[in-house]
Each structure stands twice: as structure tokens, then as C-alpha cells.
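Please look over the sequence and the model shown below before reading on. The report is meant to be read alongside them.

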There are 2 protein chains.
Amino acid sequence: MSVSSTPSSPRYPGADRDARPDVSTIEDVLHGAGYRSTRPRRTIIETILDQAHPFTPEHLLAAVHRADPSLGRATVYRTLEILGALDVLTRVVVAEGHSAYVVGLPGHRHHLVCSGCGAAVPFTACPVDHLMAELSRTTNFAIQSHVLQFIGVCPACQPTP
Amino acid sequence: MSVSSTPSSPRYPGADRDARPDVSTIEDVLHGAGYRSTRPRRTIIETILDQAHPFTPEHLLAAVHRADPSLGRATVYRTLEILGALDVLTRVVVAEGHSAYVVGLPGHRHHLVCSGCGAAVPFTACPVDHLMAELSRTTNFAIQSHVLQFIGVCPACQPTP
DNA sequence: ACAACGAATGATACTACGTCTCAGTTATGT
DNA sequence: ACATAACTGAGACGTAGTATCATTCGTTGT
């Protein structure tokens, strides 16, 4: 087991290791789903993997343009959409009503997000099964998915009196 | 115990009653926070209480304009912002990345939302305390809030074979 | 009841974010 | 290498939300 050296969230005991994939892993996912491997997509994926924190599309667009100013806006948005649909990216709520993307290959995963710096710590524990079953039974909804997330202030962003 | 007659989500056994406040209750909240009682605000609150499902700002704007076409767009957005800050409105995730508002006076409450028609069933059960304590301990985050929500298909929207 | 004050409003201009279109380019299978 | 279809970039376009500011209206004190 090796600790990746990509820039990513700090590690915390108890929280999951942030299993950040590399470019070729993500390209394999794209391939597997019938998408082509192109240079723009590679640039976008590399830039995504450079992000230490959850990022918005515009933020990513700016970062991508630093690497390649000629890369089109539409391509960035299209690629984000594809990666989101393939579960390579997960949405997290960063502030009331605003969301951002986080990298993470499949597997059930939620996040604890810092409202100060935006750092996202992933975790897999998810105590909703019982409640989901009960709601499903009492409401007759066919429950498809759920959103679970914590918002707080990370140690580094906490005021030290 | 009376069942309110305001248009609202259908009732389900096990799920909470949808305790929908009335206009004057919400105006009291505004007053208590130092805001004034104005006719436009009253119109907006009435329109909000008419909504059977979670609504987006634009949707509400259209509904408000049906009641009073002269009411300004900015006023609707400003009032939504205020009511959100006062916890009279809660945000729910309606689709990946898109959220909407639901009425509900304070009290810890989550929602089960139908991805077909948008109906939102509130519930109060919330099995996150233990997990929250553990995350708080292991990460040293000061956890402030959390988001928990289920997305599914309500009985009425399910295909009947 | 009235005046004075500041909050709230509505109109409009503006910005930001994202989508659409389309001609040209490039990856991929044979 | 070729044919084909997917992909791309440029830029026009649309939509949702914000900022500004002169005017109106609630509220408070007298």
C-alpha cells in the first residue's frame, strides 16, 4: 500500500484514504464506456488531478486554460459532464446551494467539507440503510440514491485563541 | 390534531406531518429578525405557501408574477435569500447539481424527494449523530451542519406494469 | 395624526455561467 | 492508409441572478 504523492486532502486517522486515481486509470474508464482518448481530455484530466480541493467548472476552466489557453470552454464542460456520469467525479455541497466536483473512483463515498478552505475528506461509513428501508416501506417510494454530507471547519481553518 | 388543507405533499404513514406554517407565522419570523412587513413580501410568502412541491427561484418568480406582474424580480430573490437565512426555507437537491426550496419552519428535518414529480416528503429521523461524533473526533473538524436526503420515485410516478 | 427617517422596492443595466451550433479536425477499426 | 464518426474550438446565444439608484412605503417618536 503506497501513499500517493498527488496534491490532495490531508490524511486523517479514521477517515478513508483518498484513493485518487491517475490519468490512465480515468482514461481506461472513458475507453470502457466507448469514449475516445484525446489530448484535450488528457489535459483536462491532468488538471482535475492537480486540484487539491473540490472545484467548480469555472475554476477548472481557468486552471485548464493555464495549461492550454486554446482548449475550448465547451470541451471542459462536456468532459465534466461525462466524468460525472461515469462516477469519476462526485458532487459535494460547498456552500448553501453551491456545489463542486471531487475526484474519486467508484465506491460508496461521502464527504466532510471545510467551509473555510473547501478541503474535502471522504469517508465510507453510511448509517442510512435502516432509515432508507423504513422510509421505503412507509412511503412506497422506490428510493434510488441519497445525499449525505457534513460541513464544518477543518483544524487549519479554526481560530486559535 | 388537524390535517391542514393547504396544498402540500401527500401524507404517508411514518413520515412526518408536513407542518406548513401560515403567512402571519412567517411574517412574525421576519419581524422578529428586524425586517419590515410589506405588501410585496406578503404576496411572495403567500405564493410560496401555494407551492405543492419544491420550487426554484425562477419558478416562484413566475408564480408571483401571476399574482402581481408589477412585483420586481429583485424583490423575489431578496426575499428568498432572507427566508433562507431565517431557516423558513430549506434547500433540497432535486437533480444532480440542481436544488430547490422547500418551506418548513425550524426543527431538524430532511427530505425524500421524488425525481419524477418533485414531491418532497419530510422526515425527522436522522441517524448521523454517532458518525458525526466519530468524524469530529478523528478529523478534528468542527462540524457545523450536515446534508441528508433521499431521492427516489414516488408511488404515483412509478411505472405500473 | 403627522413628520422624518431609513428600509424596501421596481426598473433596468449588467455580469456570469453555461449551452448550442457548426465547420474543421482527429481518433479508431479495417 | 482510408473511411467514418466522434470530438473539438470559436463564438453566438440564452438564462439566471446581481448591482445600482431614484422613488415609495413602514415604522417610530412626537
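What follows is a report on the chain fold, the relation between the copies, the two DNA strands and a few single residues.

## Basis of the report

This is a predicted model, in which local features need pLDDT of at least 70 and side-chain atom pairs count only at pLDDT 80 or more, while totals for chains, interfaces and linings use all residues. Residues are numbered from 1 along each chain as its sequence is written, chains are lettered from A and ligands numbered from 1 in the order in which they are written, and side-chain values use heavy atoms, with hydrogens and water left out.

## Fold of chain A

Chain A has 5 helices and 5 strands, where helices (H or I, at least four residues) and strands (E, at least two) are DSSP runs numbered from the N terminus. Read from the N terminus on, the order of these elements is α-α-α-α-β-β-β-β-α-β.

Of the 161 residues of chain A, 43% count as buried; here buried means under 20% relative accessible area, exposed over 50% and partly exposed in between, with a 1.4 Å probe and protein chains only. When contacts (heavy atoms within 4.5 Å) in chain A are taken between residues at least 6 apart in sequence, 51% of them join residues at least 24 apart.

## Relation between the two copies

Two copies of a chain are related by a rotation about an axis and a shift along it. Here, chain B can be laid on chain A with an RMSD of 0.1 Å by a turn of 179 degrees and a shift of 0.0 Å along the axis, the superposition being by least squares on the C-alpha atoms of residues with pLDDT of at least 70 in both copies. The two copies are thus related as by a two-fold rotation axis.

Of the residues of chain B, B:L148 comes closest to that axis, with its C-alpha at 2.3 Å. Because 100% of the interface residues of chain B are also interface residues in chain A, the copies meet through the same surface.

## DNA strand C

Of the 20 residues around DNA strand C, those that come nearest are A:Y77, B:R36, B:T38, B:T75 and B:R78, a residue being near a strand if one of its heavy atoms lies within 4 Å of it. Sugar and phosphate account for 67% of the atoms of DNA strand C that come within 4 Å of the protein. By class, the surface near this strand has 6 nonpolar, 6 polar and 8 charged residues, with Ala, Val, Leu, Ile, Met, Phe, Trp, Tyr, Cys and Pro counted as nonpolar, Asp, Glu, Lys and Arg as charged, and the others, Gly among them, as polar.

Among the atom pairs at this surface, a polar side-chain atom of A:Y77 lies 2.5 Å from a phosphate oxygen of DNA strand C, and a backbone N or O atom of A:S37 lies 3.2 Å from a phosphate oxygen of the strand. A base nitrogen of DNA strand C, in turn, is 3.0 Å from an N or O atom in the side chain of B:R78. The elements that give two or more residues to this surface are α3 (57–67) and α4 (73–85) of chain A together with α2 (39–50) and α4 (73–85) of chain B, and the largest share, 4 residues, comes from α4(A).

## DNA strand D

DNA strand D is surrounded by 20 residues, of which the closest are A:T38, A:T75, A:R78, B:E58 and B:Y77. Sugar and phosphate make up 68% of the atoms of DNA strand D that come within 4 Å of the protein, and the residues of the surface near this strand divide into 7 nonpolar, 6 polar and 7 charged.

Phosphate oxygens of DNA strand D lie 2.6 Å from an N or O atom in the side chain of A:T38, 3.1 Å from a polar side-chain atom of A:R41 and 3.2 Å from a backbone N or O atom of B:S37. Two or more residues each are given to this surface by α2 and α4 of chain A and by α3 (57–67) and α4 of chain B.

## Residues of helix α2 and the cysteines

In helix α2 of chain A, which covers residues 39–50, is A:T47, a residue that counts as buried at 7% relative accessibility. Not counting residues up to four places away in sequence, A:T47 touches A:L60, A:A63 and A:V64. B:E46 is found in helix α2 of chain B and is partly exposed, with a relative accessible area of 40%.

With a disulfide taken as a pair of cysteine sulfur atoms within 2.5 Å, the count comes to 0 over all chains. B:C157 is in no disulfide, the nearest cysteine sulfur, that of B:C154, being 3.7 Å away. B:C157 is partly exposed, with a relative accessible area of 31%, whereas A:C126 is buried, at 19%.

Definitions and conventions:
A polar contact is a pair of N or O atoms within 3.5 Å; within protein, one must be able to donate a hydrogen and the other to accept it, and residues adjacent in sequence count only if both atoms are side-chain atoms.
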